[in-house]
Amino acid sequence: MPPEVVVPSAVAPDSDQAPVKCAIVLFGPPGSGKGTQSQFLIKRLGIPQISTGDMLREHIRCGDDIGQAIEQRMRAGLLVPDELVNVLVAERLSQPDTGRGFILDGYPRTSAQGRVLIDLLDRNNAEAVVIHLLVDYNIIIARITGRRQCPKCGTLYNLLSRPPKAAGVCDLDGEELIIREDDREQVIRERLDSYERQTSPLIAFFRETGRKMYEVDASRVTPVALSERICELLDCAAWSGKQKKPGHSQDGSRS
Ligand code: ADP
């Protein structure tokens, strides 16, 4: 049995202030394992994942106005407009299941989104803990081309590292697995380029705005080992919050 992990809070339990919610920001390039790690954290902490990619794909699947407006950009591996994503996240955060905290997967992805997130955190009484997943780009390309997803429940598989029990179908609901259109190699390169140009500058932004940020090597470890490491870091973040020294974590991994 893995050790129990508490949902990190920035305020000590004996404090008379309302507990601050933990916003776990899973940050890293496409294919770094944000979706897989979100699934582990959902099970472990019982807080919801907010995946902007999944929300956007759902609009495309429904064929509504938003879906039609963004389909071409997503197919090409380009980011969709900040205003749209910011509104989707703000609406999602107003739902009651985020009351104990939430996991952000794929948001923020631009500096403009980062600035909106700071405001959303304040309004939702939440404090961010950023987990930055570091992965070599060659490993990412090899990984993403083996990626498969259940179109019904969203579970992610990888033909190399996490194959389904029966070839081609979801373990949980038997649905036929799909390859995402934007997982073709040319599109992956475009997505990595977007990440370099538009998303990686957020690392400096998180530092400058004093967010708790931890870097983890996500290249050479199994998904289970990585999730253990992330939970250790979240425990550490909770501990440093309880000591009310958010700028001085005891963990050497703090970037
Ligand atoms: P990955 O992290 O592997 O790129 P996602 O499912 O998070 O996969 O994102 C898929 C696509 O959805 C992105 O390439 C982009 O087109 C769009 N997208 C997701 N999140 C955002 C965001 N925060 N801002 C803009 N576009 C986004």
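Before I turn to the details, let me fix one term: two residues are in contact if their C-beta atoms, placed from the backbone, lie within 7 Å. Please also keep in mind throughout that what you have in front of you is a predicted model.

With that term in hand, I would like to start at one residue, Thr-155, which lies in the loop between β5 and β6. If we set aside residues up to four places away in sequence, Thr-155 touches Cys-150, Cys-170 and Leu-172. Is Thr-155 buried, exposed or partly exposed? It counts as partly exposed, because it has 19 C-beta neighbours inside 10 Å, and a residue needs 20 or more to be called buried. Thr-155 can also be placed relative to Leu-177, since the two are 22 residues apart in sequence and 9.3 Å apart in space, taken from C-alpha to C-alpha.

Let me now step back to the chain as a whole. The protein chain has 9 helices and 7 strands, and buried residues make up 37% of its 255 residues. If we consider the contacts with a separation of 6 or more, 72% of them are accounted for by residues 24 or more positions apart.

Next come the strands, and I will begin with β1, residues 21-27, which has two partners that I want to describe. β1 pairs with β4 in the parallel sense over 7 bridges, and it pairs with β3, again in the parallel sense, over 5 bridges. On the β4 side, the bridge partner of Leu-26 is Ile-131, while on the β3 side Val-25 stands opposite Leu-104.

Moving outward through β3, we reach strand β2, residues 49-51, which runs parallel to β3 and is joined to it by 3 bridges; here Ile-50 stands opposite Leu-104. Moving the other way, through β4, we reach strand β7, residues 212-217, which runs parallel to β4 with 6 bridges between them, and in that pairing Leu-133 stands opposite Val-216.

How much of these strands is covered? In β4, residues 126-134, 8 of the 9 residues are buried, and in β3, residues 101-105, the count is 5 of 5. As a general point, side chains in a regular strand alternate between the two faces of the sheet. In β3, Gly-101, Ile-103 and Asp-105 point one way, whereas Phe-102 and Leu-104 point the other way, and all of them are buried.

Some of these strand residues return when we look at the largest nonpolar core, which holds 38 residues, and in which Ile-24, Val-25, Leu-104, Val-129 and Ile-131 touch the most other members. Which element gives the largest share of this core? That is helix α9, residues 223-242, which supplies 7 residues. To take Val-25 as one example from the core, and leaving aside its neighbours within four places in sequence, this residue is in contact with Leu-104, Ala-128, Val-129, Val-130 and Ile-131.

From the core I turn to a helix, α6, residues 137-145, in which Ile-140, Arg-143 and Ile-144 are buried. Seen down the axis of α6, these buried residues fall within an arc of 90°, and they therefore line one face of the helix. What do the buried residues of α6 pack against? They pack against β5, β6 and α7, the last of these being residues 185-199.

Now to the ligand, which has 19 residues around it, and of these Pro-30, Thr-52, Gly-53, Gly-106 and Arg-109 come nearest. Two elements, α2 and α3, give two or more residues to this shell, and α2 gives the most, with 3 residues. By class, the shell has 8 nonpolar, 6 polar and 5 charged residues.

I will finish with two points of backbone geometry. In general, most residues other than glycine have a negative phi, and most peptide bonds are trans. In this model a cis peptide bond joins Tyr-107 and Pro-108, with omega about 0°, and Pro-108 is found in the loop between β3 and α5. Asn-125, which sits in the loop between α5 and β4, has a positive phi, near 55°. Asn-125 counts as partly exposed because it has 14 C-beta neighbours inside 10 Å.

Conventions. Residues numbered from 1 in each chain as written. Predicted model: local features only at pLDDT ≥ 70, side-chain atom pairs only at ≥ 80, totals over all residues. Buried ≥ 20, exposed ≤ 12 C-beta atoms within 10 Å, placed from the backbone. Helix = DSSP H or I, 4+ residues; strand = E, 2+ residues; numbered from the N terminus. Arc of directions from axis to C-beta. Core = buried A, V, L, I, M, F, W, Y, C linked by C-beta atoms within 7 Å. Near = placed C-beta within 6 Å. Nonpolar A, V, L, I, M, F, W, Y, C, P; charged D, E, K, R; others polar. Pairing = 2+ DSSP bridges.
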